[in-house]
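Work through the following exercises with the sequence and the structure side by side. Try each task before you read its solution.

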Amino acid sequence: MQAKTIMTTPVVAIDPSASIADAAGLMLSSKISGLPVIRRDGALVGIISEGDLLRREELGTQRKRPRWLEFLVSPGRVAEEYVLANGRRIEEVMTDSVVTASPNASLAEVVELMTHHRIKRVPIVDGDKVVGMIARSDLLRALLDMQPASTPMAIDNEQIRQSIVAELAAQKWARNELINVTVDKGIVKLNGAIFDERERRAAIVAAENAAGVKGVEDNLFCAEPLSVILVS
């Protein structure tokens, strides 16, 4: 799936010369937590989010340090923090280093950008024009749309069993020869041994995700490695 399939359009943006009040009002009225900052010529120059407005003089939330620590902070850093707490225009408080993606970027690439740069939204840029935005909420909507129907499909028990066995065989964490899978009327029974409780949850998830499964019975037991002899 590509970015263009889930991005939000049209883009709600703001001019860098707009006021802090304009940005706060626009975010609240549009029910969004961040805005791309775009000049009148269409150039993307920054992004402003709720996080940029947390430490404000008006709220009494500006950064404060113990007096002894102030001596260790450079005057330039203190001046920068003063601007962020007291600036009146968007261009004074916005984040000007913007991470963007193309409309054809995969969702995996977009998520990698978000996690690597620790950001919550990515402007989607085609050439020099912002054509959309992807926020975490857009990814959640896409995830919701892709969830299987709540009513299990009618599938033969053996087909279900083979599907689960194949999934376990494909996973590095699964010791497939130690987990026995049986299916009766769509109910999966997992028997056998695991050596890590995290493997239990993973095996249950693998079974739950198989088409046609109505429920999973966990009969796995956790054994310390090399502490028992398993007889098949």
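**Exercise 1: Domains**

The C-alpha centres of domain 1 and domain 2 lie 44 Å apart, in a model that is predicted. Task: state which residues the domain assignment gives to each domain.

Solution. Following the domain assignment of the chain, we give residues 1-144 to domain 1, and residues 155-220 to domain 2.

**Exercise 2: A pair of strands**

Task: describe how strand β1 is joined to β2, and decide whether β2 is enclosed or not.

Solution. First, we find β1 at residues 34-38 and note that it runs antiparallel to β2, with 5 bridges joining the two strands. Next, we look across the pair, where Leu35 stands opposite Ile48 in β2. Then we turn to the hairpin that these strands form, which has 5 residues between the strands and in which Gly42 takes a positive phi near 95 degrees. Finally, we consider burial: 5 of the 6 residues of β2 are buried, and therefore β2 is largely enclosed by the rest of the structure.

**Exercise 3: The surroundings of Gln62**

Task: locate Gln62, decide whether Gln62 is buried or exposed, and name the residues that Gln62 touches.

Solution. We begin with the place of Gln62, which is in the loop between β2 (44-49) and α3 (67-70). The relative accessible area of Gln62 is 17%, and because buried means under 20%, Gln62 is buried. Leaving aside residues up to four places away in sequence, we find that Gln62 touches Arg55, Arg56, Glu57 and Ala85. With Glu57 there is also a polar contact of 3.3 Å, which joins the side chains of Gln62 and Glu57.

Note on methods. Residues numbered from 1 in each chain as written. Predicted model: local features only at pLDDT ≥ 70, side-chain atom pairs only at ≥ 80, totals over all residues. Heavy atoms only, no water. Helix = DSSP H or I, 4+ residues; strand = E, 2+ residues; numbered from the N terminus. Buried < 20%, exposed > 50% of the residue type's maximum accessible area, 1.4 Å probe, protein only. Polar contact = N/O pair within 3.5 Å; in protein donor to acceptor, adjacent residues only side chain to side chain. Contact = heavy atoms within 4.5 Å. Domains from an automatic or database assignment. Pairing = 2+ DSSP bridges.
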